[in-house]
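Open the model in your viewer and keep the selection panel at hand. The stops below go from the whole chain to single residues.

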Amino acid sequence: MLKFNYKYAFEDAELKRYESKALEAFDTLTKKTGAGNDFLGWLRHPEMYDKDEFERIKKAALKIQKESEVLVVVGIGGSYLGAKAVIEALSDYFPLNKRTEIVFAGNTLSSTYMVELLKYLENKDFSVNVISKSGTTTEPAVAFRLLKELLIKKYGNEYVSRIYATTDKTKGALRVQANELRYESFIVPDDIGGRYSWFTAVGLLPIACAGVDIDKLMAGSLKAMNDCYVKDFSKNLALQYGASRNLLYNKEKEIEILVTYEPKLAYISEWWKQLFGESEGKDGKGIFPASLVYSTDLHSMGQFVQDGKRIMFETVLKIKEPKKDLLLKKEVSDLDGLNYLDSKPLSFVNDNAMMGTIFAHKDGNVPNLLIELDRIDEENIGYLLYFMMFSCGITCYMQGVNPFNQPGVESYKKNMFALLGKPGYEELAKKLNK
């Protein structure tokens, strides 16, 4: 289902030197003895998830699909990136069949975005899935307030039946509101942080509304979990990937570029950037996660990757079997010089563009790691996302950082609250305004 190849980056003997440290991190993660161990509910989630809630999610998705042209998912960070990543990866570029459209709000404070979204929804039947553990995070709270106003205007007292809240089980502003107004609600688990929550109700409700088979998605993540729990460095590819990142980091490769040759995987990269960036980037440590879509970005960023400062490596996400393909045909005139590709599938051209780039960048001292999936479907995407989360835990513990907190995120919030005039931040406001 997934293969990992490091031969375009370093020799076997180099990686072997990291085996014992990777196995030590494996024990720290799986035995839950490290920093942040109260947020490890995701580790066994593919087999331990709440089956009753899972069925409620599928039932709610059918209801939303039946009565709504649009589902607005309100959330920021891990409350939306996982869902958007899976939906984008598994949807057609140009859908021919009508389905409930999934749009996102609460991930930006752009006034233009909100005005245009509200205008777009005026003449459409829509529902809202608001996702927030606290219910007070500024970006989603602002968006939800505005969307709720439009729901009341369109549907009157019936508006509550079109709100689905995914929040804390017992506490928080959104939980209080959901209980008082009787929104249908789902649970954000206490022991799973946002960037690890895509396969809880946080991600699964919008994913199911998009028509994705969430049973198959969970089956893929379960397969990955079983493979990742094998304590054998030669067989556990998540251990090898985590160790490879540390090896390259110690060679002063401080930027990792996740590369895909399939544009629909671009939001997988966005999810991956939050996962590794928020988990690893602390205590003055960490690899900066970036992403590019080739061959598009070879004609913009390709020059820098080939010849710029040598501080990066690439992890290439390869798809073995494209979902769709077509053959190139020769023309009589051959003015574009492409007749040598007669009867070749377009995927053949894409694959060789990939290999040519890997060879060129390796020669340019940009090591390349290669992750190969059989195809883009629910099982493979479920497998990939769990694999990445497990690898992230390994690489963070190898570096000696807590993979499950995000202390730096709070800094901007305090300043924002002070500048907005929120009560309790008066002294900070004086300092900042001065």
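A residue is called buried under 20% relative accessible area, exposed over 50%, and partly exposed in between (1.4 Å probe, protein chains only). This is a predicted model, in which local features need pLDDT of at least 70 and side-chain atom pairs count only at pLDDT 80 or more, while totals for chains, interfaces and linings use all residues. Residues are numbered from 1 along each chain as its sequence is written, and side-chain values use heavy atoms, with hydrogens and water left out.

**Whole chain**

Select the protein chain and colour by secondary structure: 17 helices and 10 strands appear. Helices (H or I, at least four residues) and strands (E, at least two) are DSSP runs, numbered from the N terminus. The radius of gyration is 23 Å, close to the 22 Å from the globule rule for 434 residues, so the chain is as compact as a globular protein of that length. That radius is taken over C-alpha atoms, and the rule is 2.2 Å times the number of residues to the power 0.38. Along the principal axes, the C-alpha atoms fill a box of roughly 65 × 60 × 50 Å.

Now colour by burial. Of the 434 residues, 52% count as buried. The exposed surface of the chain is about 20700 Å², with 52% of it supplied by carbon and sulfur atoms; accessible areas come from the Shrake-Rupley method with a 1.4 Å probe, and for residues only the protein chains shown count as cover. Of the contacts (heavy atoms within 4.5 Å) with a separation of 6 or more, 78% are between residues 24 or more positions apart.

**Helix α9 and isoleucine 57**

Select residues 201-209, which form helix α9; 9 of its 9 residues are buried. Among them are Val202, Gly203, Pro206, Ile207 and Cys209. Just after α9, glycine 211 has a positive phi of about 90°.

Next, select isoleucine 57, in helix α4 (residues 51-67). Its relative accessibility is 2%, so isoleucine 57 counts as buried. Which residues does isoleucine 57 contact, leaving aside its neighbours within four places in sequence? They are Phe186, Ala201, Leu204, Leu205 and Ile214; Ala201, Leu204 and Leu205 are buried residues of α9. Draw a C-alpha distance from isoleucine 57 to alanine 208: the two are 151 residues apart along the chain and separated by 7.7 Å.

**Helix α12 and its cover**

Select residues 266-280, helix α12. From first C-alpha to last, its 15 residues reach 21 Å, close to the 21 Å expected at 1.5 Å a residue; the expected span is 1.5 Å times one less than the number of residues. Its buried residues include Ile268, Trp271, Trp272, Gln274 and Phe276. Show what covers them: the cover includes α5 (81-90), α11 (237-249), β7 (255-260), β8 (288-293) and α15 (378-399).

Two leucines show this cover in detail. Leucine 81 lies in α5 and counts as buried at 9% relative accessibility. Beyond its neighbours within four places in sequence, leucine 81 is in contact with Tyr267, Glu270, Trp271 and Gln274. For a long view, draw the line from leucine 81 to glycine 337: their C-alpha atoms are separated by 42 Å, with the two positions 256 residues apart along the chain.

Leucine 384 is in α15 and is buried, with a relative accessible area of 1%. Not counting residues up to four places away in sequence, leucine 384 touches Leu2, Ile268, Leu317, Ile371 and Leu373. Leucine 384 and leucine 2 are 382 residues apart in sequence and 7.5 Å apart in space, C-alpha to C-alpha.

**Backbone stops**

Most residues other than glycine have a negative phi, and most peptide bonds are trans. Three places to check follow.

- Lysine 32, in the loop between α2 (19-30) and α3 (45-48), has a positive phi near 60°. At 38% relative accessibility, lysine 32 counts as partly exposed.
- Arginine 182, in the loop between α8 (173-181) and β6 (184-187), has a positive phi of about 65°. Arginine 182 counts as exposed, at 73% relative accessibility.
- The peptide bond from tyrosine 294 to serine 295 is cis, with omega near 5°. Serine 295 is in the loop between β8 and α13 (302-307).
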